[in-house]
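Thank you for making time this morning. I would like to take you through one structure, beginning from a single residue and working outwards.

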Amino acid sequence: NSLQYKGFPLLRKDNILYYGSMSDSHIIMMQILETKEEKGIKIATRVSVQLQLTAEGLRAKERIVKSTEKSSLWNAMDIASIWLKRANSSK
């Protein structure tokens with residue numbers, strides 16, 4: 001059982017989060033670029049968001065469909081869920 005957010009799997013490896021399923025046409029990769037500490041908890045203050053194709057045989061740069069930077073993980077997850085839903089529903 002994996003963590004789910006709005007119906008898609010969410011995996012974390014260090015400062016990178018993968019949102020979506022490799023069996024779909026697109027996934028989201030989010031990289032936490034900067035954090036600050038508040039009350040002993042690290043809070044993301046700069047997050048890179050990329051909508052990527054899952055097709056095999058493409059180089060890393062060719063996979064990127066859209067990208068942006070957001071000022072919090074909440075804002076990054078918000079745009080990620082919109083992009084992922086739209087991209088995977090327009091197959």
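**A walk outward from asparagine 15**

Let me begin with asparagine 15, which counts as partly exposed because its relative accessibility is 30%, a value that falls between the 20% under which a residue is called buried and the 50% over which it is called exposed. Please keep in mind throughout that this is a predicted model. As for its place in the chain, asparagine 15 sits in the loop that joins strand S2, residues 8–13, to strand S3, residues 16–19. If we set aside the neighbours within four places in sequence, asparagine 15 is in contact with Met30, Gln31 and Ile32. To give a sense of distance across the model, asparagine 15 and serine 89 are 74 residues apart in sequence, and their C-alpha atoms are 28 Å apart in space.

The loop between S2 and S3 also holds aspartate 14, and this residue has a positive phi of about 60° although it is not a glycine. Aspartate 14 is exposed, with a relative accessible area of 57%. A positive phi in a residue other than glycine turns up at lysine 6 as well, where the value is near 50°. Lysine 6 is placed in the loop between strand S1, residues 4–5, and S2, and lysine 6 is exposed too, at a relative accessible area of 55%.

Now to the pocket. Where is empty space left? Rolling a probe the size of a water molecule over the atoms is what shows this. The largest pocket in the model has a volume of about 190 Å³, and asparagine 15 is one of its lining residues, together with Arg12, Leu17, Ile32, Thr35, Lys42, Ile43, Ala44, Ser72, Leu73 and Trp74. Three elements each give two or more residues to this lining, namely strand S4 at 26–38, strand S5 at 41–53 and helix H2 at 73–89. Which element gives the most to the lining of the largest pocket? That is S5, with three residues. By chemical class, the residues of the lining divide into six nonpolar, three polar and two charged.

I would next like to look at two neighbours in sequence, methionine 29 and methionine 30, beginning with the one that asparagine 15 contacts. Methionine 30 lies in strand S4, and with a relative accessible area of 0% methionine 30 is buried. Not counting residues up to four places away in sequence, methionine 30 touches a long list of residues, among them Leu10, Asn15, Ile16, Val47, Ala76, Met77 and Ala80. With valine 47 the sequence separation is 17 residues, while the two C-alpha atoms are separated by 6.5 Å.

Methionine 29 lies in S4 as well, and it counts as buried at 15% relative accessibility, since the cut-off for that term is anything under 20%. On the same basis of leaving out residues up to four places away, methionine 29 touches Ile16, Leu17, Tyr18, Ser48, Val49, Gln50 and Gln52. Its C-alpha atom is separated by 4.8 Å from that of tyrosine 18, a residue 11 positions away along the chain.

For contrast, consider glutamate 56, which is found in the loop between S5 and helix H1, residues 60–63. Is glutamate 56 buried or exposed? At 78% relative accessibility, glutamate 56 counts as exposed. Between glutamate 56 and glycine 20, which are 36 residues apart in sequence, the C-alpha distance is 16 Å.

Let me close with the whole chain. The protein has two helices and six strands, and from the N terminus on the elements run β-β-β-β-β-α-β-α. For 91 residues, a compact globule would have a radius of gyration near 12 Å, and the 13 Å of this protein agrees with that. The C-alpha trace spans about 45 × 30 × 20 Å along its principal axes. Buried residues make up 35% of the 91 residues. Of the contacts with a separation of 6 or more, 37% are accounted for by residues 24 or more positions apart. Finally, the protein exposes about 6,200 Å², and carbon and sulfur atoms supply 51% of that area.

Terms used: Residues numbered from 1 in each chain as written. Predicted model: local features only at pLDDT ≥ 70, side-chain atom pairs only at ≥ 80, totals over all residues. Heavy atoms only, no water. Helix = DSSP H or I, 4+ residues; strand = E, 2+ residues; numbered from the N terminus. Buried < 20%, exposed > 50% of the residue type's maximum accessible area, 1.4 Å probe, protein only. Contact = heavy atoms within 4.5 Å. 1 Å grid on protein atoms, 1.4 Å probe; cavity = no way out; pocket = protein on both sides within 12 Å on 5 of 7 lines; lining within 4 Å. Points joined across faces, edges and corners; volume = space filled by probe spheres on them. Nonpolar A, V, L, I, M, F, W, Y, C, P; charged D, E, K, R; others polar. Rg over C-alpha atoms; globule rule 2.2 N^0.38 Å. Areas by Shrake-Rupley, 256 points an atom, 1.4 Å probe, with all protein chains shown as cover.
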